[in-house]
Amino acid sequence: MNRSSDEVLYLVVCAAGAAADVGRLVALAQDEGWIVQIVATPSALDFIDVAELERQTGRPVRSRYRKPSEPKPPRADAVIVAPATYNTINKFALGIADTYALGVLAEAPGLGIPVVVLPFVNEALSARTAFRRSVEELRADGVRVVLDAGDSPWERALAELGVAFS
Ligand SMILES: Cc1cc2nc3c(=O)[nH]c(=O)nc-3n(C[C@H](O)[C@H](O)[C@H](O)COP(=O)(O)O)c2cc1C
C-alpha cells in the first residue's frame, strides 16, 4: 500500500524491551509512504535511541505536552502503539491522559483516527482481569488490539492498519 505523500502516522512507543527495535517499524512504515512521528512515553525515553529515531524520521521525538505558546503539531492520520505496555494499555482503556502519549490516545478514537495497539505483555500480566477488560473496552471503542502478532509483530501491526483503511 502506498500512502499519499502527507499522511502522518503517530507511533506511540512505550517502555518495553522491544522499543529498542522500533526503528525497523519506522522503516517499514516509511516504505509504505507514511510520515512517521514518534511519541514516546516518558519512561520509554530510556529504551530508545532518541537521536537516531529523530534522524530516521526527520522529526523531534515528542514525549511531553506542548506549552500553550508552542504551535500545534500536525494531526495524526493513524496511530500505532508499539510496543504497548500493560501500564499504557490499562491507562488508555481507563481514559487517563497524564502524558502526551496518553493524550494522543485519549482523543484518537473520538476523532475517528484508526488506532492499532500491539501489546508486549508477558503471560502473568496478560492473564489479569484488568488487562483482559482493557482489551475488551478498547475494542468496543473501535481500537484494534493485536494479541496474536506471532514472529513478525511490526509487520502485523502495519497489516492491521491496512485493514482499517481498506
Ligand atoms: C528492561 C525492562 C523491560 C520491560 N519490558 C516490559 C514489557 O515488555 N511489557 C510491559 O508491559 N512492561 C515492561 N516493562 C515495565 C514498564 O517499563 C513499566 O510498567 C513502565 O511503567 C511502563 O511505562 P509506560 O507504559 O508509560 O511506557 C519493562 C521494564 C524494564 C525495566
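Helix axes here are lines fitted to C-alpha atoms over the stretch in contact, and the angle between two helices runs from 0 to 180 degrees between their N-to-C directions. The model is predicted.

## Helix 3 against helix 4

Helix 3 spans residues 86-94 and helix 4 spans residues 100-111. They pack at an angle of about 45°, and their axes lie 9 Å apart. Angles under 35 degrees count as roughly parallel, and those from 65 to 115 as roughly perpendicular. Helix 3 and helix 4 are therefore oblique to each other. The crossing of helix 3 past helix 4 is right-handed.

Which residues make this contact? From helix 3 come T88, K91 and F92; from helix 4 come A101, L102 and L105. By type, the contact residues are 4 nonpolar, 1 polar and 1 charged.

N87 also sits in helix 3. Is N87 buried or exposed? A residue needs 20 or more other C-beta atoms within 10 Å to be buried, and 12 or fewer to be exposed. N87 has 15 C-beta neighbours inside 10 Å, so it counts as partly exposed. R59 is 28 residues from N87 in sequence, and the two C-alpha atoms are 26 Å apart.

## The sheet

How are the strands ordered? An open sheet is formed by 5 strands in the order 2-1-3-4-5, with parallel pairing. Strand 2 (35-40) and strand 5 stand at the edges. Each has a single partner strand, so one side of each is left without a neighbour in the sheet. In general, strands of a sheet pair through backbone hydrogen bonds.

The table gives three of the pairings, each with one residue pair.

| Strands | Sense | Bridges | Opposing residues |
|---|---|---|---|
| Strand 1 and strand 3 | parallel | 4 bridges | Y10 and V79 |
| Strand 3 and strand 4 | parallel | 4 bridges | V81 and V117 |
| Strand 4 and strand 5 | parallel | 2 bridges | V117 and V145 |

V117 appears twice. It stands opposite V81, and it has V145 of strand 5 as a bridge partner.

## Strand 4, enclosed

Strand 4 covers residues 115-119. How many of its residues are buried? The count is 5 of the 5, so strand 4 is largely enclosed by the rest of the structure. Side chains in a regular strand alternate between the two faces of the sheet. In strand 4, V115, V117 and P119 are on one side, and V116 and L118 are on the other. Both faces are covered.

## Strand 3 and its cis bond

Strand 3 runs over residues 78-84 and contains P83. Which residue is joined to P83 by a cis peptide bond? The partner is A82, and omega is about -10°. Strand 3 also pairs in parallel with strand 1 and with strand 4.

## V8 in strand 1

V8 belongs to strand 1, residues 8-13. V8 has 17 other C-beta atoms within 10 Å, so it is partly exposed. Which residues does V8 touch, apart from its neighbours within four places in sequence? The contacts are I35, Q37, P74, A76 and D77. S69 is another matter: V8 and S69 are 61 residues apart in sequence, with 23 Å between their C-alpha atoms.

Terms used. Residues are numbered from 1 along each chain as its sequence is written. This is a predicted model: local features need pLDDT of at least 70, side-chain atom pairs count only at pLDDT 80 or more; totals for chains, interfaces and linings use all residues. Angles under 35 degrees count as roughly parallel, over 145 as roughly antiparallel, 65 to 115 as roughly perpendicular and the rest as oblique. A crossing is left-handed if the near helix is turned anticlockwise from the far one by less than a right angle, and right-handed if clockwise. Two residues are in contact if their C-beta atoms, placed from the backbone, lie within 7 Å. Ala, Val, Leu, Ile, Met, Phe, Trp, Tyr, Cys and Pro count as nonpolar, Asp, Glu, Lys and Arg as charged, and the others, Gly among them, as polar. Two strands pair if DSSP finds at least two bridges between them.
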